[in-house]
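Work through the exercises below with the sequence and the model open. Each task is followed by a stepwise solution.

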Amino acid sequence: MNRHTVSLVLCAFVLCVEKGASLQCMSCESHEDPTCNDPFTTEDASEDCGDGENVVCIKIVGTSNKVWFDGDSKEVARITSRFCGTHSEYSDTCLRTSSGGGGTTTSCYCNKDNCNRTGYLGPSIMVIVVMTLMSLLTM
């Protein structure tokens with residue numbers, strides 16, 4: 001292996017090593033702070049969640065509908081909550097459930113720092129960096 005290849009492999013290894021700090025998650029409730037709703041732009045809502053087993057960041061968006069006498073329904077409430085939690089079954093996924101009267105709840109679970117900032121749980125930046133480095137190594 002030449003020096004350039006060794007440097008790229010070493011960089012990839014260093015980038016992939018998990019930091020020892022505990023998980024950081026966004027923490028807010030839209031009924032107390034309207035900036036908690038999407039689009040989420042708050043920068044100072046991060047909290048330390050600890051490093052226990054099955055610690056995840058959670059984002060829950062709930063909507064409720066009020067049904068009028070004429071049969072039409074109208075969305076009357078949308079509440080967003082972002083917080084730390086524990087969950088042994090779900091990580092990097094979103095679940096949507098329906099409730100009576102047309103309301104829905106979407107619960108998203110993830111385990112990367114501040115990943116509950118958005119609803120999209122895309123590929124980790126580390127995966128993208130490693131895949132890029134690997135493609136460079138094969139050139």
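**Exercise 1.** Locate asparagine 114 and describe its backbone and its exposure.

Solution.
- Step 1: asparagine 114 sits in the loop between E7 and H2. The model is a predicted one.
- Step 2: its phi is positive, about 55 degrees, although asparagine 114 is not a glycine.
- Step 3: most residues other than glycine have a negative phi.
- Step 4: the relative accessible area of asparagine 114 is 23%. Buried requires under 20% and exposed requires over 50%, so asparagine 114 is partly exposed.

**Exercise 2.** Treat asparagine 54 in the same steps: loop, phi, exposure.

Solution.
- Step 1: asparagine 54 belongs to the loop between E3 and E4.
- Step 2: asparagine 54 is not a glycine, but has a positive phi of about 65 degrees.
- Step 3: its relative accessibility is 35%, so asparagine 54 counts as partly exposed.

**Exercise 3.** Asparagine 116 lies in the loop between E7 and helix H2 (125–137). Is asparagine 116 buried or exposed? Which backbone atoms does its side chain reach?

Solution.
- Step 1: relative accessibility is 1%, so asparagine 116 is buried.
- Step 2: a polar atom of the asparagine 116 side chain lies 2.9 Å from the backbone nitrogen of methionine 26.
- Step 3: the side chain of asparagine 116 also reaches the backbone oxygen of isoleucine 58, at 3.1 Å.
- Step 4: list the residues that asparagine 116 touches, leaving out those up to four places away in sequence. They are Cys25, Met26, Cys57, Ile58, Lys59, Arg82, Phe83 and Cys110.

**Exercise 4.** Find the salt bridges of the chain and trace how they are linked.

Solution.
- Step 1: the count is two.
- Step 2: one joins aspartate 38 to lysine 59, with the closest N and O atoms 2.6 Å apart. Aspartate 38 is in the loop between strand E2 (28–29) and strand E3 (46–48), and lysine 59 is in strand E4 (residues 55–67). The pair is 21 residues apart and links distant parts of the chain.
- Step 3: arginine 82 and aspartate 38 also meet through their side chains, at 2.8 Å from N to O. Arginine 82 comes from strand E5 (residues 73–86), and this pair is 44 residues apart.
- Step 4: put the pairs together. Asp38, Lys59 and Arg82 form a salt-bridge network.
- Step 5: check exposure. Arginine 82 has 0% relative accessibility, so it counts as buried. Lysine 59, at 4%, is buried as well. Aspartate 38 is partly exposed, at 36%.
- Step 6: side chains of opposite charge can pair when their charged atoms come close.

**Exercise 5.** What kind of peptide bond joins aspartate 38 and proline 39?

Solution.
- Step 1: omega is about 0 degrees, and the bond is cis.
- Step 2: proline 39 lies in the loop between E2 and E3.
- Step 3: most peptide bonds are trans.

**Exercise 6.** Describe the pairing of E6 and E7, then their hairpin.

Solution.
- Step 1: strand E6 (residues 93–98) pairs with E7 over six bridges, in the antiparallel sense.
- Step 2: pick out bridge partners. Threonine 93 has tyrosine 109 as its partner in E7. Serine 98 is opposite threonine 104 in E7.
- Step 3: five residues lie between the strands of the hairpin, and glycine 101 takes a positive phi near 80 degrees there.
- Step 4: consider cover. Five of the seven residues of strand E7 (residues 104–110) are buried, so E7 is largely enclosed by the rest of the structure.

**Exercise 7.** Which residues make up the largest nonpolar core?

Solution.
- Step 1: the largest core has seven residues: Leu23, Cys25, Cys49, Val55, Cys57, Cys110 and Cys115.
- Step 2: apart from that core lies another, of five residues, including Cys28, Cys36, Phe40 and Ala45.
- Step 3: nonpolar side chains tend to be buried together in soluble globular proteins.

**Exercise 8.** Summarise the whole chain: elements, burial, contacts and surface.

Solution.
- Step 1: there are two helices and seven strands. Their order along the sequence is α-β-β-β-β-β-β-β-α.
- Step 2: 25% of the 139 residues count as buried.
- Step 3: take contacts between residues at least 6 apart in sequence. Of these, 61% join residues at least 24 apart.
- Step 4: the exposed area is about 9300 Å², with 57% of it supplied by carbon and sulfur atoms.

Technical notes. Residues are numbered from 1 along each chain as its sequence is written. This is a predicted model: local features need pLDDT of at least 70, side-chain atom pairs count only at pLDDT 80 or more; totals for chains, interfaces and linings use all residues. Side-chain values use heavy atoms; hydrogens and water are left out. Buried means under 20% relative accessible area, exposed over 50%, partly exposed in between (1.4 Å probe, protein chains only). Helices (H or I, at least four residues) and strands (E, at least two) are DSSP runs, numbered from the N terminus. Two strands pair if DSSP finds at least two bridges between them. Contact means heavy atoms within 4.5 Å. Accessible areas come from the Shrake-Rupley method with a 1.4 Å probe; for residues, only the protein chains shown count as cover. A nonpolar core is a set of buried Ala, Val, Leu, Ile, Met, Phe, Trp, Tyr and Cys residues joined through side-chain atoms within 4.5 Å. A salt bridge is a side-chain nitrogen of Lys or Arg within 4 Å of a carboxyl oxygen of Asp or Glu. A polar contact is a pair of N or O atoms within 3.5 Å; within protein, one must be able to donate a hydrogen and the other to accept it, and residues adjacent in sequence count only if both atoms are side-chain atoms.
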